[in-house]
Amino acid sequence: MHHEPRLVDIYAAALHARVKPGTIRQWLRRGKLTHHGYDHDGRALVDLDELQQQPAVNAA
């Protein structure tokens, strides 16, 4: 089942996941999260639903 991604910038994603923004950046570089482009301020966008599937997020 395909869904529309709920895109947020890395800072909102970090707050949601209770990790530092640098952790989100590392997950993007390592391919643990899909990069969905940039917002109007040049910040990387990630899908909140995909973020929820990260083991570190669920452990928090």
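These are my notebook entries on the charged pairs, one buried aspartate and the nonpolar core of a predicted model.

**Entry 1: the salt bridges**

I began with the charged side chains, keeping in mind that side chains of opposite charge can pair when their charged atoms come close. How many salt bridges does the structure hold? I noted four.

I looked up Arg6 and found that Arg6 forms a salt bridge with Asp49, with 2.8 Å between the closest N and O atoms. Arg6 sits in the segment before strand 1 while Asp49 belongs to helix 3 (residues 48-52), so this pair ties together parts that are 43 residues apart in sequence. I then checked how open the two partners are: Arg6 is partly exposed, with a relative accessible area of 44%, and Asp49 also counts as partly exposed, at 25%.

**Entry 2: a network around Arg43**

Next I turned to Arg43, whose side chain meets that of Asp9 in a salt bridge at 3.4 Å, N to O. I wrote down that this pair links distant parts of the chain, since Arg43 lies in the loop between helix 2 (21-29) and strand 2, and Asp9 lies in strand 1, 34 residues apart. Arg43 has another partner as well, for its side chain and that of Asp39 meet in a salt bridge at 2.9 Å, N to O.

Which residues are linked in the network of salt bridges? They are Asp9, Asp39, Asp41 and Arg43. When I compared their surroundings, I found Arg43 to be partly exposed at 29% relative accessibility, whereas Asp9 is buried, with a relative accessible area of 15%. Asp39 counts as buried too, because its relative accessibility is 16% and the cut-off for buried is under 20%.

**Entry 3: Asp47, a buried charge**

I then moved to Asp47, which has its place in strand 2 (residues 45-47). Is Asp47 buried or exposed? I found that Asp47 is buried and yet has no salt bridge, as the nearest side chain of opposite charge, that of Arg6, is 5.3 Å away. That distance of 5.3 Å does not satisfy the condition for a salt bridge, which asks for the nitrogen and the oxygen to be within 4 Å. I did find, however, that the side chain of Asp47 reaches the backbone nitrogen of Arg6 at 3.2 Å.

I listed what surrounds Asp47, leaving aside its neighbours within four places in sequence, and the contacts are His3, Pro5, Arg6, Leu7 and His36.

From that list I followed Pro5, which is found in the segment before strand 1 (7-9) and counts as partly exposed at 31% relative accessibility. Not counting residues up to four places away in sequence, Pro5 touches His36 and Asp47. I also looked up its distance to Asp49: the two residues are 44 apart in sequence, but their C-alpha atoms are 7.1 Å apart in space.

**Entry 4: helix 2**

I went on to helix 2, where I noted that Ile24, Trp27 and Leu28 are buried. Where do the buried residues of helix 2 fall when seen down its axis? They fall within an arc of 100°, so they line one face of the helix. Just after helix 2, I came upon Gly31, which takes a positive phi of about 80°.

**Entry 5: the nonpolar core**

My last search was for the largest nonpolar core, which has 14 residues. Those with the most contacts inside this core are Ala13, Ile24, Trp27, Leu28, Leu33, Val46 and Leu51. Helix 1, helix 2 and helix 3 each supply at least two residues of the core, and the largest share, four residues, comes from helix 1.

I looked more carefully at two of these core residues. Ala13 lies in helix 1 (residues 10-17) and counts as buried, at 0% relative accessibility. Leaving aside neighbours within four places in sequence, Ala13 is in contact with Val8, Ile24, Val46 and Leu51. I also recorded that Ala13 and Leu48 are 35 residues apart in sequence, while their C-alpha atoms are 6.8 Å apart in space.

For Val46, again leaving aside neighbours within four places in sequence, I noted a list of contacts that includes Arg6, Leu7, Val8, Ala13, Ile24, Leu28, Leu33, Thr34 and His36. I ended by marking that Arg6 appears in this list and also among the contacts of Asp47.

Terms used. Residues are numbered from 1 along each chain as its sequence is written. This is a predicted model: local features need pLDDT of at least 70, side-chain atom pairs count only at pLDDT 80 or more; totals for chains, interfaces and linings use all residues. Side-chain values use heavy atoms; hydrogens and water are left out. Buried means under 20% relative accessible area, exposed over 50%, partly exposed in between (1.4 Å probe, protein chains only). Lys and Arg count as positive and Asp and Glu as negative; His and the chain ends are not counted. A polar contact is a pair of N or O atoms within 3.5 Å; within protein, one must be able to donate a hydrogen and the other to accept it, and residues adjacent in sequence count only if both atoms are side-chain atoms. Contact means heavy atoms within 4.5 Å. The arc is that of the directions from the helix axis to the C-beta atoms. A nonpolar core is a set of buried Ala, Val, Leu, Ile, Met, Phe, Trp, Tyr and Cys residues joined through side-chain atoms within 4.5 Å.
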